[in-house]
Amino acid sequence: ANLSEPERTPDERKPNVVPPFNAYSPSGKVRGDLVYVNYARAEDFETLRRWGVDVRGKIAVARYGRIFRGDKAALAAQAGAIGLVLYSDPAHSAPGSVATYPQTRWLPDSGVQRGTLLLMDGDPLTPNYPSVENAYRRPLEAVMNDSLPKIPVVPISAINARALLKT
């Protein structure tokens, strides 16, 4: 899968564009079979379990929407997934046959949504307080256990998701 987005307009030609990512995703490389998990909600994992689909040791592929992306990562990890791939479903990001960016505000199928996976607001080391030099900081181990995802998460485009899901 290509982790960059195509330039849609000349003003997008910028030399130091960061590739799409989800903030607070742990680093890592995982290999495994893919399993489609719909929106990665608790009920989606329960449905898969009832159908006999085992997510353990696999890479979950989910579409954005319905719940927060950080909750998707937490639920996928709880279900035993070793990684999570997220994509924006054109049915939600460009409903119907509407025109997409740059003609309108709707996300094209080559676009990639970005955002945080953090399960809290603010700085995880100094929750509810400014992160100033002498502020109390929570132990990093506590932050790793309760606020950050346990599995690598990567956002991709709908085009790339279609290619992965065909395999």
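Let me start in a loop. Tyr24 sits between strand 1, residues 22-23, and strand 2, residues 34-36. Its phi angle is near 75 degrees, which is a positive value in a residue other than glycine. Keep in mind that this is a predicted model. Tyr24 is partly exposed, and its relative accessible area is 39%.

There is another case of this kind to look at. Ala40 also has a positive phi, near 60 degrees, and is likewise a residue other than glycine. You will find Ala40 in the loop between strand 2 and helix 1. Is Ala40 buried or exposed? Ala40 is buried, with a relative accessible area of 0%.

Now the overall layout. The protein has five helices and six strands. If you walk along the sequence, the order is β-β-α-β-α-β-α-β-α-β-α. The C-alpha atoms fill a box of roughly 50 × 50 × 25 Å, taken along the principal axes. Of the 167 residues, 35% are buried. Take the contacts with a separation of 6 or more: 71% of them join residues that are 24 or more positions apart.

Next, the inside. How many residues does the largest nonpolar core have? That core has 17, and Val37, Val55, Ala76 and Leu84 have the most contacts inside it. Four elements each supply at least two residues of this core: helix 1 (42-50), strand 3 (59-63), helix 2 (69-78) and strand 4. Apart from this core lies another one, made of seven residues, including Ile59, Val61, Tyr87 and Ala158.

Let me stay with one residue of the largest core, Ala76. Which residues does Ala76 contact, leaving aside its neighbours within four places in sequence? The list is Phe45, Ala60, Ala81, Leu84 and Ile151.

Ala158, which I named in the seven-residue core, takes us to helix 5. Helix 5 covers residues 158-166, and its buried residues are Ala158, Asn160 and Ala161. Those residues lie on the same side of helix 5, because they cover an arc of only 155 degrees around the axis. What do they pack against? Their partners are strand 4 (83-87), helix 3 (90-93) and strand 6 (153-156).

Now the empty space. Rolling a probe the size of a water molecule over the atoms shows where such space is left. The largest pocket holds about 430 Å³. It is lined by 21 residues, and the closest to its centre are Gly28, Val30, Val85, Pro152 and Val154. Strand 4 and strand 6, which we met as packing partners of helix 5, each supply at least two residues of this lining. By class, the lining of the largest pocket counts 13 nonpolar, six polar and two charged residues.

The second largest pocket has about 310 Å³ of space. Its lining has 17 residues, with Glu5, Pro6, Glu7, Glu12 and Val17 nearest the centre. Here the classes come out as eight nonpolar, three polar and six charged residues.

To close, back to the two loop residues. Tyr24 is partly exposed, whereas Ala40 is buried. Both have a positive phi, near 75 degrees for Tyr24 and near 60 degrees for Ala40. That is what I have for today.

Technical notes. Residues numbered from 1 in each chain as written. Predicted model: local features only at pLDDT ≥ 70, side-chain atom pairs only at ≥ 80, totals over all residues. Heavy atoms only, no water. Buried < 20%, exposed > 50% of the residue type's maximum accessible area, 1.4 Å probe, protein only. Arc of directions from axis to C-beta. Contact = heavy atoms within 4.5 Å. Core = buried A, V, L, I, M, F, W, Y, C linked by side-chain atoms within 4.5 Å. 1 Å grid on protein atoms, 1.4 Å probe; cavity = no way out; pocket = protein on both sides within 12 Å on 5 of 7 lines; lining within 4 Å. Points joined across faces, edges and corners; volume = space filled by probe spheres on them. Nonpolar A, V, L, I, M, F, W, Y, C, P; charged D, E, K, R; others polar.
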